[in-house]
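Open the model in your viewer and keep the selection tool at hand. Each stop below says what to pick and what is there.

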Amino acid sequence: MITRKVALHVAKPVVLIAEELSPATLDALGPDFEVRHCDGANRDELLSALAAGVDAVLIRSATKMDAEAIAAAKGLKVIARAGVGLDNVEIPAATAAGVMVVNAPTSNIVSAAELAIALLLASARHISPAHAALRNNKWARSKYTGAELFEKTLGIVGFGRIGQLVAHRMQAFGMNVVAYDPYLQPARAAQLDVRLVDLDELLKVSDFITIHLPKTKETANLIGVEALKKVKPAVRIINAARGGVLDEAALFDAITEGRVAGAGLDVFSAEPCTDSPLFTLDEVVATPHLGASTDEAQERAGIAVAVSVRKALAGELVPDAVNVKGGLIDEEIRPSLPLVEKMAQIATAIAGELPVHMDVYVRGDISVHDSSILATSALKGAFLATGSEEVTYVNAPGIALERGVTSSVSTEADSPEYRSMISLHCALSNGKSIKVDGTLMGIRKVEKIIAVDNFDLDLPPTDNLLFLRYGDRPGIVGTVGNLLGAAGINIAGMQVARDTAGGEALMAITVDSPVSDAIVSQVKQKTGAAIVRSVTLVG
């Protein structure tokens, strides 16, 4: 008899690239995808390409992923915008369709900061009109006397990542920097040698003002008619953030009336913009929304969204997802994700059932960072402990909804014994609860379980663990050791904690291989322990 091996063809996930992206984007995607191309600005071509079946679509700013496009793309899982803004993606429609939306929020921050600085310098020294004069055969040195930056005050409206980059760079010019940002901790500003002030004071004291805010209902025309009545006549205002935060009509009036000396603009309330009255003024230098238009920013954006697509299609956590709970993850919180997963696995295994609610308490130094994603970490860990192999950060909230499990995160500044620690409190269906505490030790962030309920430990969460709760009495340690040894299971470490002598005790053992149910039964029978649980950590 002749047997033939038949190779099964497994279709690769399809990624549609709807706009020109850097070659590095394809390199970052790798060979595991079928890559297709279309002109996303051509509506018919886009809809046809989406209807052919794609798993992910990569776009920039010209492709409109609205409800119609999303509905046409049956099976679509990810929309990836190689850039920051998402004005061309209908996020509610994507969310309703179960489509993840990702962008590259940090890809252009250096480029945007540098352009804001370029506009500031160009405005201070009349670069644009002086250049235009030379091109018209005019040598107008006396007309274009400018202003130095040295020892002047720069007011930064919106002190996020880009604003902070601008501050750092302009301090090298000898500028004094003040900032307005109602959401920033004063300590962070102090670290950067920047004074936080309210908006009115910033308007009054600044020689230059640069805007770095998103446009929202609260920030629309924030720098408008009333604000421009409070500034110095010599002030120059830069907006390379979002159009509509600076009232362009009010700015035009302020410049023509001599109440503002000049402006540098890269963004406008309506774009593309080619006929603004501001363009007629020598005091204004303008560019057509070039903040992200550098080769380096485009390459970073392409690589970032390619990595996000790979993660999303593999069911992994996507830090830059904008419509999945968690969103951007603070670098100080990221090492805690696997720790909380393991804490939840341990708690669920010891409890012997899936918790109905989990509270994650973040204490100490890390409590100042956004740790909301840890609620999803706890869910994922609990589901993994109950055998849900396909659980991911993407689908864990949905699984929780189906199973009636909830989770939350709270923060507390105080952490009496550790610089930072995390407590996981799990409520069970029978009204009881279990608590697991953990921390990350030292520069290397070594994971440690430091308590289970009220029993103090110093336990590395290794792959295989065994827990016993029993009445404290002599001989238990030897009995457990003999049973594991007879089964060929090597003990890597053992800790015993108790509330009082002869009271309740907890034994935690790290072993080199899983402990079978049969061995667990033997241990329970021989020791009379109330609880014996073998834990094999996943992930």
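Select helix 10, residues 248-256, in this predicted model. Its buried residues are Glu-248, Ala-250, Leu-251, Ala-254 and Ile-255. Look down the axis. The buried residues span an arc of only 155 degrees, so they sit on the same side of helix 10. Now show what covers them. The cover includes strand 10 (236-239), strand 11 and strand 12.

Stay with helix 10 and check its ends. What caps the N-terminal end? Asp-247 does: one of its side-chain oxygens lies 3.1 Å from the backbone nitrogen of Ala-249. After the helix comes Gly-258, with a positive phi near 80 degrees.

**The aromatic pair**

Next, select Phe-268 and Phe-279. A search of the whole structure finds one aromatic pair. The ring centres of Phe-268 and Phe-279 are 5.5 Å apart and the planes stand at 90 degrees, so the pair is edge-to-face. Both residues belong to the loop between strand 11 and strand 12, eleven residues apart. Colour the two by accessibility. Phe-268 is buried, at 5% relative accessible area. Phe-279 is partly exposed, at 33%.

**A cis bond in that loop**

Move to Pro-272. This residue lies in the loop between strand 11 (262-265) and strand 12 (284-286). Look at the bond that leads into it. The peptide bond from Glu-271 to Pro-272 is cis, with omega near 0 degrees. Most peptide bonds are trans, and most residues other than glycine have a negative phi. The next two stops concern phi.

**Two positive phi values**

Select Asp-193. Asp-193 is not a glycine, but its phi is positive, about 60 degrees. Find it in the loop between helix 8 (186-191) and strand 8 (195-196). Is Asp-193 buried or exposed? Asp-193 is exposed, with a relative accessible area of 63%.

Then select His-289. Its phi is also positive, near 55 degrees, and this residue is other than glycine. His-289 sits in the loop between strand 12 and helix 11 (295-313). With a relative accessible area of 33%, His-289 is partly exposed.

**Into helix 11**

Follow the chain to Ser-308, which lies in helix 11. Ser-308 is buried, with a relative accessible area of 4%. Show its surroundings. Not counting residues up to four places away in sequence, Ser-308 touches Val-102, Val-318 and Asp-320.

**The domains**

Zoom out and colour by domain. The domain assignment gives domain 1 as 14-107 + 296-314 and domain 2 as 108-286. Domain 3 covers 330-461 and domain 4 covers 463-538. Place a marker at the centre of domain 2 and another at the centre of domain 3. Taken over C-alpha atoms, the two centres are 45 Å apart.

**The largest nonpolar core**

Select Ile-346, Met-358, Leu-374, Leu-424, Ile-449, Val-452 and Phe-467. In the largest nonpolar core, of 49 residues, these touch the most other members. Which helix gives the most to this core? Helix 12 (residues 336-351) does, with ten residues. Keep the domain colours on. Domain 3 (330-461) and domain 4 (463-538) both give residues to the core, so it lies between them.

Centre on Ile-346. Leaving aside neighbours within four places in sequence, Ile-346 is in contact with Val-436, Ile-449, Leu-465, Phe-467, Val-535 and Leu-537.

Apart from the largest core lies another, of 28 residues. Among its members are Val-157, Ala-250, Phe-268 and Leu-278. Two of these were met earlier: Ala-250 is one of the buried residues of helix 10, and Phe-268 is one of the rings in the edge-to-face pair.

**The whole chain**

Finish with everything in view. The chain has 16 helices and 22 strands. Its C-alpha trace spans about 100 × 70 × 35 Å along the principal axes. Of the 539 residues, 49% count as buried. Last, turn on a contact map. Among contacts with a separation of 6 or more, 62% join residues 24 or more positions apart.

Key: Residues numbered from 1 in each chain as written. Heavy atoms only, no water. Domains from an automatic or database assignment. Core = buried A, V, L, I, M, F, W, Y, C linked by side-chain atoms within 4.5 Å. Buried < 20%, exposed > 50% of the residue type's maximum accessible area, 1.4 Å probe, protein only. Helix = DSSP H or I, 4+ residues; strand = E, 2+ residues; numbered from the N terminus. Contact = heavy atoms within 4.5 Å. Arc of directions from axis to C-beta. Polar contact = N/O pair within 3.5 Å; in protein donor to acceptor, adjacent residues only side chain to side chain. Phe/Tyr/Trp six-rings, centres within 6.5 Å; stacked < 30°, edge-to-face > 60°.
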